[in-house]
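Student: I've just opened this one and I'm new to it. Could you walk me through a few questions?

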Amino acid sequence: MPIFRSAFVASCWVFASVANATMHECAKDIAIRITGIYENGDTDVHYSYCENLDDGRGYTAGIAGFCTGTGDAWMVIQEYKKLTGSYGDFASMASKLRKYADDENDSTRGIKNYCNVWKSLGKSDKNFQKAQDSIRDQLYYYPAEKAANKLGLKLDVSQGQIFDTSIQHGAGDDADGLLSLIKDTNKSFRSDQPGNSGSILNINGHQVDEIVWLKKFIEVRTNDLKHPKEEENQGGDYWAQTTYRTKSYSYMVNQGDMLLSIIISKLILVSYLAFMPTASAAMCGCAKDIAIRITGIYENGDTDVHYDYCENLDDGRGFTAGIAGFCSGTGDGWDVIQEYKKLTGSYGDFEAMAADLEKYASSESDSTSGIENYCKVWESLGKSDKNFQKAQDNIRDQLYYDPAEKAAAELGLKFDVSQGQIFDTGIEHGTGDDGDGMLTLIKNTNSAFTSDQTGDSGSTLTINGHQVDEIVWLKKFIEIRTSDLKSPKEKDNQGGNYWAQTTYRTKSYSNIIDQGEYMWTSTVKLLDNDGIYENGDTESHYAYCENLNDGRGFTAGIAGFCTGTGDAWMVIQEYKNLTGSYGSFESMATDLEKYANSGSASSSGIKNYCQMWGSLGNTDKNFQQAQDNIRDQLYYDPAQAASNKLGLKFDVSQGQIFDTGIEHGTGDDADGMLALINNTNSAFTSDQTGNSGSTLNINGHQVDEIVWLKKFIEIRTSDLMSPKEKDNQGGNYWAQTTYRTKSYSNIIDQGEYMWTSAVTLLDNDSKPTTISCSSYGKINPSTKTRRRRRDVNGRPIRIRGTRMLVPSLDPPKRRIMRPIRSGPSEEL
């Protein structure tokens, strides 16, 4: 879990929930690419593939081997016509293709140019690629998904195997078809079959562990490959030669890699028939979204997508607007508006100012004469017009993401963290080869390598003929970019010391690297600021403030910062660091500092404290940022350090450690987080195996991570029932909070180890609550309470343990005025 939790909260969770057994987009992409290995020998998506295999099916082409003699190729061409309005270069052979599809004829007569046309469109025509995606999903992915849903499969590895079966065997109920194999598998279960996957299927009225079922399915499919029942599948021993399709999935299962996202993050793909993204492989949809939102933090101070942002920064670029700071005076603002016209057929409300906008773009003028309503129009369209938002996405990708991705591909970068850093560089430095440009920084980095440089990342680049570990290369690139930010070479980037203030962009990526977060398919931080347990819902209560009369003064904000314990004063000091002043707290700063240092709960001289806190908490982004920074410094970062030291890999484990840090404190006092970890470790005096796929080294013993976590929860629950520290024993308050451990036990029982989509947990009232990106900040109406925890007598519960301080990264202080960017370059 890397530094910018909110970026991940706002991205990966948007993908489908486990409840309906649908793989999120990144897992779907992985499943497709795994099948690509079996079909084509690599993980590339072969839209332009085409040849005659002389197998009685005519020409075989595209991403799923669509054939002219079986009808699915004709379906692709018809879908292409729907998208574009014509058959394009297939027009002259359309009648023949329709006839061969209807007759299931493998003839190539009259369609000799077929492969030339398919290859040409497959390479560059996005609509033709989209047509192939649509028909592949229609014929294979959706039927496989439907079958998986009916079975109740929840794990990516199960759904991936079902999809691959659909591609090879067909999705029907013929003797070798997917549905027949599922039926044969189900017949094998005549009693309950327990297991440890955390997912239970109902098969013929029996409770069957999902992984137990999957192993049986793989066995049944393997047998069918060796002895196919349908006559057309028996010739030439071809099917028997493809048992590697089941062997590799068996390997994944044996490794405990139930989520395809874990496979990526653990970089085991080299073992799966070398399934590692190739040099040309781009980031999956989720990872790209994460990269964009991380850059959004640097640009705007949050992870929202600011389609409706617009203002005149008086930086010589005219109006700056939208998701990538498109400017009316540099041309990219006009690019967006032209793209909008392509999508809609008109300039819309920009029509009246179009001539001036084109003129200013061509002359690079920052004039706003004649375009005074520009921001009003931009903001209105940006808020609600999907085509205008799409236009911004397209131009951002065209100017920044695509050139960055091209540079990453030419280097052979495979990790999301590397590609994300290149993209962020393209946004800030421009993607060109000027003195500070992205291509120049890459060139300077490459020049630093005059010999082989080994590493442990598992990915090796060829730089100047030398073998260089990718993470070694990335660290050098970050070093060179940081140096350039401190001392930019281009004159127009040197004024105002602006660039030197943005080294947090490289520092934060260095932190991600240090955490080992190379791939971004499953890294999210679900329990951000511990919202459910602390406040009864999942909202971020920056403006919350009240006096709980618990001897700690005023309690306020997202983590219950107190005037009498010092952490509230730390927030206010952090706010001053960000803004240069104490703001509304100025008149009471002396008293606040005094109460923090003395541990006093007094409210003398600070009567308006809650009014000030509530006002800033509701609207001031810097004050919210200050709370985030101190919460992380006091609780999240120490919890993450403890998780890293243990070697915890699952989100559910790291989330439990974080929640413990919030409630018990992160120190080593008797009830503290570190003490509970030590007590848990002491319980293991021998190896303890399990099925989670992750093993810890505890006191020299090999201990399954979920086995360890269950023991930790048991010990923490016992401590809540009978706390050791005297100041935690009064009022039976801690014993009333065992829902915090029960809830996590429920998550474990559901098998929700990684939080890539949604997670269902028990709230304070033991009612199931599902959290996903789309529901973040909301809660089911039946459980939404907006309350502080209270005991049986109605007294608010507030808990605080020992704090441990760790350094935090420098946060962004302002929206950065970016340099004029060079356009995309054709060569690296």
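Student: How many salt bridges does a search of the whole structure find?
Tutor: Keep in mind that we're looking at a predicted model. A salt bridge here needs a side-chain nitrogen of Lys or Arg within 4 Å of a carboxyl oxygen of Asp or Glu. Searching the whole structure that way, the count comes to 25.

Student: Asp484 meets Lys489 in one of them. Is Asp484 buried or exposed?
Tutor: The N to O distance in that pair is 3.2 Å. For the burial part, the cut-off for buried is under 20% relative accessible area. Asp484 has 2%, so it counts as buried.

Student: Which residue forms a salt bridge with Asp628?
Tutor: Look along helix H25 (residues 621–646), where Asp628 and its partner are 3 residues apart, so about one helical turn separates them. Asp628 is buried at 16% relative accessibility, and the partner is buried too, at 4%. The closest N and O atoms are 3.6 Å apart, and the partner is Arg631.

Student: What about Lys711 and Glu714: how many residues apart are they in helix H28?
Tutor: Their side chains meet in a salt bridge at 3.3 Å, N to O. Lys711 is partly exposed, with a relative accessible area of 24%. Helix H28 covers residues 705–721, and about one helical turn separates the two, which means a spacing of 3 residues.

Student: Which helix gives the most to the largest nonpolar core?
Tutor: That core has 59 residues, and Phe350, Tyr374, Trp378, Val417 and Trp473 touch the most other members. The helix you want spans residues 386–411 and gives 10 residues to this core, and its name is H16.

Student: How many residues are in the second, separate core?
Tutor: Leu616, Leu634, Tyr744 and Ile747 are included in this second core. Its size is 58 residues.

Student: Which strands stand at the edges of the sheet with the order E6-E7-E8?
Tutor: This is an open sheet of 3 strands with antiparallel pairing. An edge strand has a single partner strand, so one side is left without a neighbour in the sheet. The strands that fit are E6 (310–312) and E8 (326–327).

Student: Which residue in E8 stands opposite Thr320?
Tutor: Strand E7 (residues 319–321) pairs with E8 in the antiparallel sense over 2 bridges. Opposite Thr320, you'll find Cys327.

Student: And at about what angle to E6 does helix H15 run?
Tutor: Helix H15 (residues 374–384) lies across E6, E7 and E8. Tyr374 touches Cys310, Phe319 and Ala321, among others. The angle between H15 and E6 is about 160°.

Definitions and conventions: Residues are numbered from 1 along each chain as its sequence is written. This is a predicted model: local features need pLDDT of at least 70, side-chain atom pairs count only at pLDDT 80 or more; totals for chains, interfaces and linings use all residues. Side-chain values use heavy atoms; hydrogens and water are left out. Buried means under 20% relative accessible area, exposed over 50%, partly exposed in between (1.4 Å probe, protein chains only). Helices (H or I, at least four residues) and strands (E, at least two) are DSSP runs, numbered from the N terminus. A nonpolar core is a set of buried Ala, Val, Leu, Ile, Met, Phe, Trp, Tyr and Cys residues joined through side-chain atoms within 4.5 Å. Contact means heavy atoms within 4.5 Å. Two strands pair if DSSP finds at least two bridges between them. Axes are lines fitted to C-alpha atoms, for helices over the stretch in contact, and angles run from 0 to 180 degrees between N-to-C directions. Lists of a residue's contacts leave out its neighbours within four places in sequence.
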